[in-house]
Each structure stands twice: as structure tokens, then as C-alpha cells.
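Grab a pencil and work through these exercises at your own pace. Try each task yourself before you read the solution.

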Amino acid sequence: MTRTTSKTDRNCIMPKPQPRPTIEIIGARMHNLQNIDVSIPLNAWTAITGVSGSGKSSLVFDTIHAEGQRRYFETLSTAARRYLDQLERPDVDRIDNLPATIAVGQKQQPRGGITRVSQTTGIESLLVQLFVEQGQLQCPDCRIPVRTSNAPDALRAIASLPEGSRFQVCFPALMKSGAKANAIDEEKRYWDGEGFQRFLDLPSENKNLPAFLVIVDRLKSGGDEARIAESVEQAFSTGLGRCILLVEPAAAEAANYSGYSQAIADEQSREWTAWFFYREPECPSCGLTLPPLDELLFRTTSPDGMCSKCNGHGYVQNKAKKKLVCPECDGLGLGTVPRLTQLQLIDESPQLTFAECLHRTIAEMLSEIPEEITGPQASIVRSLRSRLEGLAALGLGSLSLSRLTRTLSTGEFQRLGLAAALNDEFVNTLYLFDEPTAGLHPRDRAGIGGWLRRFVDQGNTVITIEHHEDVVQAADHVIELGPEAGSNGGTITASVPAAEYRLSMPEEEPAGFTTDDGGQLQLTGVTCHNLSDLSVTIPLRRFVVVTGVCGSGKTSLICESLYPALIEQLASREGSTVKPPEFDDPFAPPGSVASITGAETISDCVLMNETQLAGSSRSTPATYLKVFDDIRKLFAETTDAQTRGYKPSRFSFNTSRGGRCQYCEGIGSVEIDMQFLANLNVRCPECKGTRFAQDTLEVSYRNRNIADVLAMTVDEAFAFFRNHQLILRKLQLLRDVGLGYLTLGQPTRTLSRGEAQRLKLASYLNAASGTQMLFLFDEPASGLHPSDIATLLKALRRLVEQGHSVVVIDYEPQVTRQADWVIELGPGAANDGESAVFEGPPA
């Protein structure tokens, strides 16, 4: 039976849900992107995934963010817009519905300076605001409050006296106690000539106090208000901004005055309580003048704020030129006055000094602030509590605010950056995150999804580059690029709701690299940061993984204890060629190791991290592996180069005697001072980013000039130089560690932490056999797609098969499952973790 829909039925039909508005990207061709079209939902979280080099960063940062930045500059003044022509417009046909963008990349962790957690998170700037508005100076010698006050403050104190109370209005003499009697008499005669005939001599024990007080008037509270006000104003004006009230002791106790007071007796032995009102910060007890209470006082670069012993550096040098944490400021770099400045965060809470606030942990500081906040500075205190809550929610509650950011673990530093991003309470904004969970243990990653969701809940759009399946599944939408890296990538292989997406996992090889007994390295009595008297055993000629939650002590054990102690032992051997690096950081000294045994067969120890690659802005993968030397020689052998008399140095961008661009000095970009904005790096207008002068670019090899070669990926160069075995061998090393997608000329300072370590690993893949080296890696799989991790594991297996030992700090289950031996530290972070909770095979 067929039913006919009536008019009433039609009125009851629910309207179809409207599709979510989207960012429309049409014809994106940046780098290896293959003219792609893609839609990204607004007011949602989209995860971008794919193998390394597939085009994720090209889409997110080089296309979306670059266009957002260009549009932002169009809204600025004419002076700022003059740089727009120098900004490279991304190679894309158009982008519709693009909100304002904020990019949060993987920040390079600082390796120097004394930047604290409190400064990185913005907490210190909020504390400074509170201390400037409501804080109270303390005399560093007397440890008493030093306040600034004016006539209204003195009049309010007088008004609080019981009616009829006697008091005297005075100001201090210029002559100090201990001066010669005739000098004191001479000043009294001066004041007598000015109409002041009554004086009160003060004790002469303190040479910084005035010799006597000049009495302006003797009055009673509740009397003639005009006379009282006139006397107080006269005391301030005549006494150079200083007014002292002498009040009857009983009346002083009943009054509302919380400043410094002092008992004084007059000539008739009558007791008075002295109240001090000074316009300038001067100690009423010893006369010491303090700097004004302003923001400059809390800066280590300010003459008033810096520690006089270490000049704001936080450290001093002993006679042996060894750096030590400054004992005066305890490494804060601040002088005594700012460190001792006090603040009462809320009513009825104890006074805290600025130094006490900085030495508290995030959790301790959070406990000082109630959820319900009122008062004149409520908005600042609420912002302070909000930031502390965010940091605690990310598992960073155990960090001290005074902890230097360069001493943090990678995961801790990464989460600090996320917390700082959410402090900007924007709406209708597009946030772009580059692998926000890189370097995080699976337990620590659990809170990141909820953290990113808060951006969406505030009315924003979030795009993350991500490889971890648990985080990808927490997103609303997933876009996968691929299928491979470089020219074989750059296409959209999936664009679906997260619930419909499954991350492709490579087939794992059987676990366990080796079976022969290579001996053991035994460490006893390891003490560093939260590690206390820890002992562990590391099998040699094995693949060993050290894991545990962020902050459990992995870096402290391997990088800061094992490495310096073992290097020192190896260097002390007779005839050793091992040169230990200098460990001269007073804020991160090497850990203490009671003993290391079993190292007899180890010839050298290499720490694989990114620090050695960050030194030069000119370093590239080609120069790091010395393959560029071979390429330059090849260009110098061409007929055109020989005709012009060009040597290999002509094709170097590192020397002024070569053929580099003189305008940018071979860097390919120039930095523009944007005054109130962050400095902007733009392509060199002279060489158009090629790094070289025009006559150098006129020389070609197989129709490619030297700049064209530097723009090739490793895989492209491998095919291009197919007849040159020396070049191929070096390029193959980069391919073996999964870096075939890198361009030869990419600055190494722009590499991720994992890429930097793999680049260093490539230089050791052909380490001499017959020697046994110990390789220490700090999270080499950070930010890698599972397919790239599989490639990395093959390279690590190659080292072990050559007879070396490999120790890796990592969290990835894919890495741990392939280990011969696992050491897990924990069970928690900081003080909750200081032991090896597991040692043994991964099974």
C-alpha cells in the first residue's frame, strides 16, 4: 500500500543538517604538493598524517600559514606593507574561508642562558605585575618593610587615631647621627631661622639616621583638619619628601597603621611611637635608599634588578675559572632587593617574597591561589591561576618555576610550548601545531587530546601534524598525504572523519637483534636530579631501550650521568684519543656515578642528539656528510668552470672568496627588522634564495647549476649522480636512515630533533668494524611515522650487527618491541620517579 504524503506531513519533515563550513584549498603546489585540492572543516580538529617528506609541512606551514601571514601583513601600516613584495606568495591558486592563523612549531630547546619556566610560560610577567601593584619592598639589611607614601597616607593614619590623641608632625634633619656637635648646632640654627624652633634629638648609635627631628606642629586628632593637613604638607615639602608622626603609644596601638614604627623618647623621657611616611623608598631604620618598585627592578639586565655578584648571569667563576651557581642569588640573577620584595597574594595568606614564588613548584604555587578571587588585582590573579591550572593539567605540576628551560626533558619543554599557546584566549582563529605529542610517553599523550580540544571549544579551528594513532583518533577529521616521500608523495590519499581512519602500520620484523654475549656495562650509585643512588645494568652489543614517563629520569641517567662518566673513563686510558667535551654548566652539572664496570671493550662513546647541529646557520645535510665537497669538485671539473678558472671553492657558499651572493653572504635569505613584531626572514632579493652570484650559476653540470643541486632531495640527487660512486655512497647513508626526502641545502638548524639525530647516525653507519662503540640516542623516533620508524630500526640494527652497542631513550611501543633489553624508569615523574621499575627483555 502506497502512502501519500499530506501537506501536514511535509511540514513535519526535519530539515537536512547543514554541512560544516570548511577552509577550501585549491591547487596547492608548494614543494612536492601535486596541485592538490582539499577541504578542512572549520571549528573542528583536523589531524594531518603521512610519512616523513610526504608534504605535511608543505601544506600546513608553507601553504596555509604562509598565506595567513601574508594576509595579516596586508592589514598593517603602509610602512610594514612595503615588505610584502619580499614575502614569497605560496604556490596555490586560492584559499577560501581562511581565519587568522597562529603557528605553534616544535621550538628549538635553548642550550644557553638562564630563561626560567616562569618566564617561558608568562607566569613571571604576571607575578611582576602583582608585585609592582601590590608588593612591598624590604630593606636587605634590616629586613623591615619599606613603603612609599604621601600626605594622604599620613592623613588617613591620623584619622584612624582615637579622638583627642596627641601627636607631633616632624621631618628628619639633613645631618646624620654621629656628626660633630657644632655641625648639628649649625643646622638647628638654620631651621630656627626658617621658623622651626622645636627639635627632638635622636640616639647617635646608627650613623645613617638623622641627628634630630624638626617638629612642625603639635596637634590632637579630631582637631582642626585644615591645620593638620597644612602641617603634614609642610613636613613633606620642607623635609624633602619625608614626614614622621610621633604618636602616643596607646593611641598608636589602637590606630590603623601597618607600616614600620619605632619607639622614641623626647627630652622629658616621654615615650612616642614614630610612624614614617617617605615619598621615596628609604629604610626608616637604617636610612638605606632602595630602587623604585617597578618592572625594571625584576629584570636581570637592569642595574637596579641584577645581582651585584654575578651581574645577572646567575653564575660566578672561581679561581680555576670553573662556573658555579651564584651563591648570592641562588642562580636567579636577581639582586637582593627584588628577591626580598614581598606580596600577599590573597587576604589572610602569608607574605611571599619574589624569590619564594619562583622557587615554588607549579602545583605549590597553584595551591596558594583560591578558585574564587576578588580584589583590585583579581583579573591578574585569575590569569595566573588559569596558566598554572593549564600547566598542572599537562602533568607539569612538579616543575619548579625557577627551573631553567634548557634543563627540561624534551617532553616537558614541548608541553610548556602548548601551555603558552592556550594562554592567548582567541576565538575564530586557526591554530597550526607541528607534532604536539612528539617526545611524549603514551601516558603523557593522554592529556594532549583534551588540551587541543579546548582550542576548539573556545571557538577555534585546530590543525595538527600527527603520527600517533591514539591522538589521530581523537581528532574530528583526518587528512593523509602520500603515498610516499618527495616526488612520490604530495597527494591526498585519505580525507575522512577520524572514526573512519586507520593508520597503516608496517609489518614488524622479529624482535631481538643479536644473540651472542657481548658483556655488560654496570652503573652503580647514579645520582642526578630526581635519581638517587640508582644502579642499572646495560647489556653490550645489544639494542637497549630506556623508557618511562616524561620526567622520570631517562635523560638524567643516559645523557647527564652515563655519558660524561664513561667519556671521562675512556679519556683517562693510556694512549686514548677520546676527547671529552667540557661539562661547564653550573645549572646542569653531570650526574654523580659511583662506579662503571664492564667498559673495557668499548673504544668510544657517542651521544646522538641535535645539539652539535645547531651551531651554524650555514650547515646543511650536504655539508655535514661532506658530500658537497665531492659535488663542488665535480662542478669545478666541467669545461665551463675550467675555462673561467673556477676552483671548487667557487661553488662554496661558506667563504667570502667563493662565488656566493654578497648581499646575503650565501645564506639565501635576509632578516628584516619589523620593530614591534618578530623579525622576518625573507628570500634574498638579490640571488632569489639561490645563495650564489649570477656568474657562478652560469656553470652547469648536466643542465643543472649548483643551486639546482642544493634544491634536490637526497633521493633526486641519488638518481642524478648515478655514475659517481663516491657521492652515491654518502647519499645512500641518508637514505638508509630515512632522510631521502630532505633537500641537500636545507639548513640543519631547521631539522626536527629526530631528523638531527638520524643525520648524525648516517655519519656513523660505516663506523670501523673491529671496534666497539657505544651509541646513545635521545628519542630518535620522535615525530616519525610508523613507516619511518621501521627504516630507523633497520639502521640501528646495522650498528649492532657491526658489533656496536646501542642505547635509545624512547617511548614508542614499536621501538620497545624491537629491543633486546628494556630499562623502564618510574613509576612517575620528578620526585614520583627515581627507580628502575623494570629491567629485562621486552617480552
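**Exercise 1. A proline in a loop**

Between which two strands is the loop where proline 483 is found?

Solution. Keep in mind that you're looking at a predicted model. Step one: find the strand that covers 477-482, which is strand 20. Step two: find strand 21, covering 491-497. Proline 483 sits in the loop between those two. Step three: check the peptide bond that joins glycine 482 and proline 483; it is cis, with omega about 5°.

Now try a second cis bond. Work out where proline 827 lies and what its peptide bond looks like.

Solution. Start with the bond from glycine 826 to proline 827: omega is near 5°, and the bond is cis. Then look up the place of proline 827, which is in strand 33, residues 821-827.

**Exercise 2. The whole protein**

Describe the protein with a few overall values.

Solution. First, the secondary structure: there are 27 helices and 34 strands. Next, the inside: of the 843 residues, 53% are buried. Then the surface: about 38,600 Å² is exposed, and carbon and sulfur atoms supply 47% of that. Last, take the contacts between residues at least 6 apart in sequence: 69% of them join residues at least 24 apart.

**Exercise 3. Positive phi**

Find where asparagine 43 and arginine 143 lie, and give the phi of each.

Solution. Begin with asparagine 43. Its phi is near 55°, a positive value in a residue that isn't glycine. You'll find asparagine 43 in the loop between strand 2 (36-41) and strand 3 (45-49). With 37% relative accessibility, asparagine 43 counts as partly exposed, because that value falls between the 20% and 50% cut-offs.

Move on to arginine 143, which isn't a glycine either, yet has a positive phi of about 55°. Arginine 143 is in the loop between strand 6 (137-138) and strand 7 (145-146).

**Exercise 4. Buried or exposed?**

Is serine 619 buried or exposed?

Solution. Take the relative accessible area of serine 619, which is 15%. Buried means under 20%, so serine 619 is buried. Now locate serine 619: it is in the loop between strand 26 (604-608) and helix 18 (621-624). Finally, list what serine 619 touches, leaving out residues up to four places away in sequence: Tyr624, Gln746, Pro747 and Thr748.

**Exercise 5. Salt bridges**

The structure holds 22 salt bridges. Go through three pairs and say where the partners lie.

Solution. Pair one: the side chains of aspartate 201 and lysine 188 meet at 2.7 Å, N to O. This pair links distant parts of the chain, with aspartate 201 in strand 9 (residues 198-201) and lysine 188 in helix 7 (residues 181-193), 13 residues apart. Aspartate 201 is partly exposed at 40% relative accessible area, whereas lysine 188 is buried at 17%.

Pair two: arginine 445 forms a salt bridge with aspartate 470, and their closest N and O atoms are 3.3 Å apart. Arginine 445 is in helix 15 (residues 442-457) and aspartate 470 is in helix 16 (residues 469-474), so the pair ties together parts 25 residues apart in sequence. Arginine 445 is buried, with a relative accessible area of 7%, while aspartate 470 is partly exposed at 40%.

Pair three: aspartate 640 and arginine 644 meet through their side chains at 3.1 Å, N to O. Both lie in helix 20 (residues 639-644), four residues apart, about one turn of the helix. Aspartate 640 is partly exposed at 30% relative accessibility, and arginine 644 is partly exposed at 34%.

One extra: which residues are linked with Glu67 in a network of salt bridges? They are Arg70, Arg71 and Glu74.

**Exercise 6. A charged patch**

Which residues form a positive surface patch?

Solution. Mark Arg166, Arg198, Arg218, Lys220 and Arg270 on the structure, and you have the patch. Then zoom in on one of them: arginine 166 is found in strand 8 (residues 166-172). Patch residues need over 30% relative accessible area, and arginine 166 has 43%, so that condition is met. Arginine 166 counts as partly exposed.

Notes. Residues numbered from 1 in each chain as written. Predicted model: local features only at pLDDT ≥ 70, side-chain atom pairs only at ≥ 80, totals over all residues. Heavy atoms only, no water. Patch = residues over 30% accessible without salt bridge, like charges linked within 9 Å, V, L, I, M, F, W, Y side chains within 5 Å. Areas by Shrake-Rupley, 256 points an atom, 1.4 Å probe, with all protein chains shown as cover. Salt bridge = Lys/Arg side-chain N within 4 Å of Asp/Glu carboxyl O. Lys, Arg positive; Asp, Glu negative; His and termini not counted. Charge placed at Lys NZ, Arg CZ, Asp CG, Glu CD. Buried < 20%, exposed > 50% of the residue type's maximum accessible area, 1.4 Å probe, protein only. Contact = heavy atoms within 4.5 Å.
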